[in-house]
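This report describes selected charged pairs and nonpolar cores in a single protein model. The sequence and structure are shown first, and the description follows.

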Amino acid sequence: MSHAQNDLKTPPPLPKGGLRVVALGGLGEIGRNMTVFEHLGRLLIVDCGVLFPEEHQPGVDVILPDFTWIRDRLDKIDAIVLTHGHEDHIGGVPYLLKERADIPVVGSELTLAFIEAKLKEHKIRPKTVQVKEGDRRKFGPFDTEFIAVNHSIPDGLAVAIRTKAGTVLHTGDFKMDQFPLDKRITDLRGFARLGEEGVDLFMADSTNAEVPGFTTSEQDLAPAIDTVFRTAPRRIIVSSFASHVHRIQQVLDSAHDHGRKVAFVGRSMVRNMGIARDLGYLKVPRGLVVDFKALEGMPDKKVTLVATGSQGEPMAALSRMANGDHVIRIGDGDTVLLASSLIPGNENAIYRVINGLTRLGANVVHKGNAKVHVSGHASAGELVYCYNLIKPRNVMPVHGEWRHLKANADLAIQTGVPPENTVIAEDGTVLDMVDGKISVTGKVPAGLVYVDGMTVGTVTEESLSDRRALAEDGVVTIVTLIDPDSGKLSEDPDFLTRGFVHDTGSFDALVPIIKDALAKAAIDNVRDFSELERLIDRAVSRWFQRTSRRTPVIIPVVIEA
């Protein structure tokens with residue numbers, strides 16, 4: 001099994017007739033999935049998603065894949081193929097189309113409807129190509145075929161890419177639910193047919209590769225969801241990802257059975273559910289869904305609210321409800337149903353929110369205390385099934401953190417894929433396939449690109465580190481008046497603090513330290529104010545570190561007296 005190493009260099013030119021595969025996101029993380037295929041001088045992109053930020057990334061809205069490697073070749077892109085409509089697969093598309101607006105966007109009906117609505121908000125009218133399972137389309141030198149897969153959102157597709165260098169099968173996100181709500185199962189006959197033809201590279205969803213057995217069927221949640229609706233004494237507030245159509249269908253069915261009305265809260269939820277209903281993917285009985293305002297006069301036991309956060313991600317809305325600053329005011333006897341999976345890595349934040357909601361009097365139902373969530377991803381049993389069915393020559397696990405990718409690679413090896421034909425890659429790792437053989441040939445930039453308000457890519461690791469320092473230790477501004485002739489203080493400095501806790505008089509000891517720093521600067525004939533500010537910063541930081549074990553952000557301001 002080859003592990004992609006960090007010391008890889010820029011890759012050499014692609015051998016004639018070869019296929020180059022580079023994931024610019026989605027490996028080593030759950031989100032911002034994006035894979036670029038290069039063949040005969042042309043590019044095909046599969047998915048272009050966002051990653052939601054964690055606690056150590058304050059102020060960041062979403063995180064994008066890094067487009068640096070393809071930026072000077074945007075004219076060579078033949079299409080962006082979208083496997084399904086979740087944010088971690090389509091959220092980055094507006095930012096790529098801002099760099100070249102006429103890249104054809106390929107996807108199923110529901111996926112295209114979701115991305116078109118999203119692009120409308122960015123004032124972009126895309127060039128779209130609608131496909132469905134069974135379709136074969138050529139985009140430049142890439143001969144693509146689309147295969148139905150089942151996931152937690154309808155209309156998911158796997159994509160087979162046939163090239164002169166070999167055939168790739170990319171599953172997108174999938175599971176093998178045998179009794180899906182929409183009766184559309186993962187097309188294992190299609191997978192087997194491709195296996196007979198020969199799959200040179202299989203790129204399989206790794207999210208649940210560590211979980212033994214088979215993923216529970218979506219319909220098995222019905223009893224637990226029904227119990228919530230049968231027993232809840234007052235309002236039911238359901239939180240979910242804005243694109244989780246199947247789960248929301250179950251909520252609507254239960255609400256209808258128990259005589260409740262439903263309102264959608266959150267712009268992306270209202271938008272997506274409207275689209276899903278118009279296209280027939282969400283079956284809504286007449287009169288069931290009403291406007292949020294219309295519920296205000298209704299008795300609590302008739303009310304169901306389905307909410308999500310601003311980015312279509314439920315945590316944001318839930319934490320605002322827990323803090324009491326959301327349009328939905330949580331009260332005694334309300335039931336809050338967390339109907340979506342919680343993004344790995346966010347567990348502490350989630351338990352904090354559950355505690356906050358419970359304190360306000362809510363009964364919180366989540367996957368930890370009821371069977372209200374199943375994964376949208378194939379477990380180990382399903383993945384092994386696929387390996388045995390397809391018998392791929394080479395395997396590159398995708399869509400997962402390191403542990404998931406490793407578990408998926410191990411499954412491939414257990415089914416007989418030679419270890420040397422299995423690659424655990426990282427974002428930016430370059431994989432070349434020539435004559436059906438794969439090799440890791442280099443690495444390209446694939447850093448995190450932060451979206452912060454209206455800015456894209458201007459927030460750096462350094463600015464995040466400043467934000468964390470501000471959050472943890474506060475800021476101390478030191479205003480010093482300096483005599484331009486002598487370079488000495490004209491009067492004692494002023495200390496202004498925000499978020500830094502100190503005793504009155506504790507800064508008195510700093511005055512001689514600042515005087516020393518200025519005296520040294522005068523001896524060295526340093527007159528430049530920005531250099532003086534740097535010297536004061538260094539001396540003061542050392543003092544804080546020594547005396548209070550704190551490292552507040554120091555902002556020295558030197559003014560001529």
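In this predicted model, Glu197 and Arg162 form a salt bridge whose closest N and O atoms are 2.7 Å apart. The pair links distant parts of the chain, since Glu197 belongs to helix H5 and Arg162 to strand E11 (residues 156-163), 35 residues apart. The two partners are set differently with respect to the surface. Glu197 has a relative accessible area of 45% and is therefore partly exposed, because that class lies between the limits of 20% and 50%. Arg162, with a relative accessible area of 10%, is buried.

Salt bridges that share partners join Glu145, Arg162, Arg193 and Glu197 into one network. Within this group, Glu145 forms a salt bridge with Arg193, and the closest N and O atoms of that pair lie 2.8 Å apart. Glu145 is part of strand E10 (residues 142-149) and Arg193 is part of helix H5 (residues 188-197), so this salt bridge ties together parts of the chain that are 48 residues apart in sequence. Glu145 counts as buried because its relative accessibility is 5%. Arg193, in turn, is partly exposed, with a relative accessible area of 41%.

A further salt bridge is formed by Arg32 and Glu29, with 2.9 Å between the closest N and O atoms. Both Arg32 and Glu29 are buried. The count for the model comes to 27 salt bridges. The pairs described above are listed in the table.

| Salt bridge | Closest N and O atoms |
|---|---|
| Glu197 and Arg162 | 2.7 Å |
| Glu145 and Arg193 | 2.8 Å |
| Arg32 and Glu29 | 2.9 Å |

The nonpolar interior is considered next. The largest nonpolar core comprises 68 residues, and those with the most contacts inside it are Met34, Ile70, Leu96, Leu252 and Phe264. Helix H4 (residues 109-121) gives the most to this core, contributing seven residues. Apart from this core lies another, of 32 residues, which includes Leu27, Phe37, Leu201 and Met203.

Which residues does Leu252 touch, not counting residues up to four places away in sequence? With those neighbours left out, Leu252 touches Val262, Phe264, Leu282, Lys283, Val284, Leu288 and Val289. One of these, Phe264, is itself listed with Leu252 among the residues with the most contacts inside the largest core.

Methods: Residues are numbered from 1 along each chain as its sequence is written. This is a predicted model: local features need pLDDT of at least 70, side-chain atom pairs count only at pLDDT 80 or more; totals for chains, interfaces and linings use all residues. Side-chain values use heavy atoms; hydrogens and water are left out. A nonpolar core is a set of buried Ala, Val, Leu, Ile, Met, Phe, Trp, Tyr and Cys residues joined through side-chain atoms within 4.5 Å. Buried means under 20% relative accessible area, exposed over 50%, partly exposed in between (1.4 Å probe, protein chains only). Helices (H or I, at least four residues) and strands (E, at least two) are DSSP runs, numbered from the N terminus. Contact means heavy atoms within 4.5 Å. A salt bridge is a side-chain nitrogen of Lys or Arg within 4 Å of a carboxyl oxygen of Asp or Glu.
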